[in-house]
Amino acid sequence: MGLLRVSWRNLWRNRRRTAITMAAVALNAIILITTYSLMDGMLRQTVLNATELVTGEAQIHSPGYLADRSIYKTLENPQAILQTLREQSLPAAPRAYGYGLLSRGTKSAGALFWGVDPESEKATFNLPAHLAEGSFLSPNPQKGIVLGKKLARSLNARLGAEIVLLVQAADGSLGNELFTVTGILKSVGEGIDRNAAIIHLDDYRHLFVLPAGVHEIAVNTGGRVSLDKLSAILPRLVPDAEVKTWRQLLPALSDMLQLSGASMSLFGAIFFAAAGLGVMNTMLMTTYERSHEFGLLKALGTSPWRIVRDVAFEAWLMAAVSTVFAVILGVAATLALQEYGLDTSALAGETTIAGVVFDPVWRAALSIEAVVAPVVIMWIVCVLAALYPAAMSARLDPVKSMHRV
Amino acid sequence: MNDDARKIFSGKSKIGSKHFHSIGRRAILIFLPLAIFILLGAHPVRGETLTADDILNKVDDLYRGTSSYGMMTMEVVTAHWKRTLSLEFWSKGKDKSLIRILSPLKEKGTATLRAGNEIWNYLPKVNRVIKLPSSMMSASWMGSHFTNDDLVKESRFADDYSCRITFQGPGKGENVIELSCIPLPDAPVVWGKVEIVVRQSDYLPIVINYYDEGLRPARSMTFSKFAKMSGRTLPAVLTLVPVDKPREKTVVVYDKITFDLSLNNEVFSIRNLQK
Amino acid sequence: MIFRVAWRSIWRNRRRTLITAASIALGLIIAIFFIAMAEGVYEQIVNDGVRMQAGHITLENPDYQMAPAIDLRIGDVENIRKFIKKIEAVEEAKLLIWGQGVANSGAGAVGVSIMGVEPAVETKNSPLARDIVAGSYLAEEDDRKVVLGEHLAKELKLGLGNKIVITTNNARGELVEELCRVKGIFRTGSDEIDGYFIQIPLNFARKVFGLQADEATQLGVILKRPQDQPPVMEEIKSTLTNKNIEVLPWQQILPEVASYIRIDRVSNWVFQGLLFVIILFTILNTLLMSVMEREREFAVLLALGTPVRKLKGQLFLESVFIGCLGCFAGLILGGLAAFALQIRGLDLAFLMPEGVTISGFAMSTTVHALVTPPVFLWTGGIVLGAMLLLSLLIMRRIKKISLAETLR
């Protein structure tokens, strides 16, 4: 306790110097906290952008379905699975798929049909809102169809156009129906743009003669549940099925994000280094200034060890107080950025790359690490930066130290 | 272009026919009509030894300028379902054909019109005609093991292959002649070889085997139930089996055929398709 | 005279000067290095993209972009090409015939994008020609030959010399089927390219799609320097009389690539900006501390009668010197580092073991930087400017020095 009081008084003996140093530490720490959160937020957002659109964080299939998309490989009791997921507060949407032909006038094209439950899709994913024209499917099966952007173009299909669907049903017969275009998607990615034809699940069942079962259940918690946790829970809930996370489903995106993550870590390290250097610089200068003070102390009989210890403690104390302010302000700034974000639309605008919609507004994501790491680094830097000159002075001849100005 | 799109066009995913292995896709549909055409005036000259080209020429000659009308039953057996269709068909010359479904009731009136390289489907339920895009050519026709492309290719056997007799003698219970046919260098066929085994007596085919470029067997078509129909002897039953899915098959049974009738070109119009 | 004083003054406290200059230099080095590296990556992606596809500038049918179809073609291409090649900034003008179809083999059928190309031109330019891993690329005299990606070859179980039947609809809408054989297999590392694109000789493509001798889907202009795009586009547009041909920049042909670059550049700038803020604080701090430290020195000078203005001037000059020192060091070292990266390249394979694709284009794991003079100017300028502004701010403190207090 005595040490604390003495140290505190020591700090304030040179008010300006201490104030400047604390300001340096605090400001650097604030920047680190906000930058870390911003970068983290960007990465998380990119993942969300990718997964919230249509893929989800994880998908459940019948084992081997994705290899050949055989219409016969179904999840037989989707209602039960959906119920279980609901009980665990895991939003999910069921989907059934099948290949077939779309024709309008003289133009025709092959497509992958999606049978979906519009209410589930709207509640779980962003795709129903990602429309360039028209609206998504209505809750009741009304033979409406939503087309991918390029598919609609190749058929020359506009809203309200009548489309002929021709498919080979699960019982071998030729399913054919007339549907009406209710919506056209914005660009999502090559695959979906060219091939996606989305219809109501009940219409699908009728067309493909598949009275029960679906091919896929896609889960999306919007980042609420971590991927690790999902990978652990889902297989337990659906032991007979195959569970894949978005990293396995979208490997290109996973790679890209890993690359982004790596370069962000690099930047982060650079920031920390720069901040650290800045603080160290200040601490060094401050402590060197006090050389004659240390010389005096030594002349008065204080042991070198005590000098160093006191200096170290003062440095830490100062860092601690600064970081308290920094944390308060830093967290406040981060929360503001989390809420409102940084709008870069003037520079970049909204774009879609490989199925990921890039939101021009950057939001920060506050986390424990975002606060703890900068604080700890600042403490370490301050103490070390003070130690060196202190140790030097403590060992030198007092006379020499007192001469140093 | 990711896997989704590609799967649409891959042999593994024609209109729902996931059960067809890619290797077995390219069908020997040529012989559906080949059989018909062999009979279109196949007057095998007994005692005359014909060369491979002669046999082929005979076939093509008989094919040319003639017409036919008939009824057939097609049974398709796959790993997941079994279906039987009753079909009515017309053909004229090398490149016009019309096939219409008579039963089951759900699909009655569905028809396929082929003229030259183009194929149209008529769907009675929605009362629309669809022209098949090139991307659908390798898709299964009417759910069978035949593809749309086979329908188009039926008239080109002599144009695309060069054959020679590789065996003559006893086999399969009678004297046979085996023709080995290799595709011509520029012919747009993916096969490496086709083997045709015909009866020496009347040059009617017994079995046709397709091999891929590595000369591995891919599909096999057998002809049976030789019977006299409309003045000619012909195999009334064709069975197509993909080698890698031996339990699947498409069986075509000719119930009735008439040859050389006069058929107006109007029969092969889109308007007639929609009847 | 003031210059000499200022200069000597900064060297009196060597450590402080060096630390400050070093901070500035470091910030600049990092900024220049990373910006150059990013620009290098962008350039490589754009380069690969435009050389593989339709050039920095593309001439095509006005309706083509909306809904690509083989019947939307351009004519009179030979004359146009001749005139374009006369433009000094143009490196090459290439013809493309592009259509969609299905590639069939004994093992299956896959939807493909069919590119009819001129082998002589492509061999010099295209990444596909460069990335051949089996067999060889197309040659001028080839007719029914095709090169395709490794992924596609695997899917269709194709090896060199094997048959492919291409099924497609020609310009008149008729179904056509043509045989060709595999001459070469390429691997770019991008599944999207390796599993989807096939290339055939231009004349064969004309036959397949039913185009006339002087027709093509696109004419791509490859420039020697990407910066020349706007003036060359202007020149082409003004001379072209044919209303049925649209002249488009690659940014519209490859919008995803353009988007990716734009976004990445922006984030890069934001990060450099943040780093810059950190460094500014450091410098601010240093300046503050130095003024404080030297209060006694200033007090003495003022007491001796030095006009405040002169003192301020000296301080300002000191900042200028330190700033310049840091800037030069930073610009030179940063420039050297970036230049080294430009020449030698850095293999980042450890970061991305399977390779990375950006918008369908495979990025080579070796990155080269691209040093552009403007970068030096405005990074150096901003840093120097900020430095000077800060020192101006600091100098206000000088007024507040109370002589009596300080000299006590």
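Among contacts in chain B between residues at least 6 apart in sequence, what percentage join residues at least 24 apart? In this predicted model, the figure comes out at 50%. Chain B is built with six helices and 13 strands, and 48% of its 275 residues count as buried.

Chain A splits into two parts, and one of them is not continuous along the sequence: domain 1 takes in 2–52 together with 254–403, while domain 2 covers 58–219. Going by C-alpha atoms, the centres of domain 1 and domain 2 of chain A sit 52 Å apart. A single residue of chain A, M392(A), can be picked out for a look up close. M392(A) belongs to helix α14 of chain A, which runs over residues 368–395. Buried or partly exposed, how does M392(A) count? It is partly exposed, because it has 16 C-beta neighbours inside 10 Å, and a buried residue would need 20 or more. Along the chain, M392(A) and L11(A) are 381 residues apart, and their C-alpha atoms are separated by 20 Å.

Then there is the place where chains C and A meet. Chain C puts 32 residues into this contact, and chain A puts in 33 residues. On the side of chain C that touches chain A, at least two residues each come from α2 (14–52), α11 (255–293) and β12 (356–358) of chain C. The biggest giver there is α11(C), with 20 residues. As for the make-up of that side of chain C, it breaks down into 20 nonpolar residues, seven polar ones and five charged ones.

Definitions and conventions: Residues are numbered from 1 along each chain as its sequence is written. Chains are lettered from A and ligands numbered from 1 in the order in which they are written. This is a predicted model: local features need pLDDT of at least 70, side-chain atom pairs count only at pLDDT 80 or more; totals for chains, interfaces and linings use all residues. Two residues are in contact if their C-beta atoms, placed from the backbone, lie within 7 Å. Helices (H or I, at least four residues) and strands (E, at least two) are DSSP runs, numbered from the N terminus. Ala, Val, Leu, Ile, Met, Phe, Trp, Tyr, Cys and Pro count as nonpolar, Asp, Glu, Lys and Arg as charged, and the others, Gly among them, as polar. Domain bounds come from an automatic or database domain assignment. A residue is buried if 20 or more other C-beta atoms lie within 10 Å of its own, exposed if 12 or fewer, and partly exposed in between; C-beta atoms are placed from the backbone.
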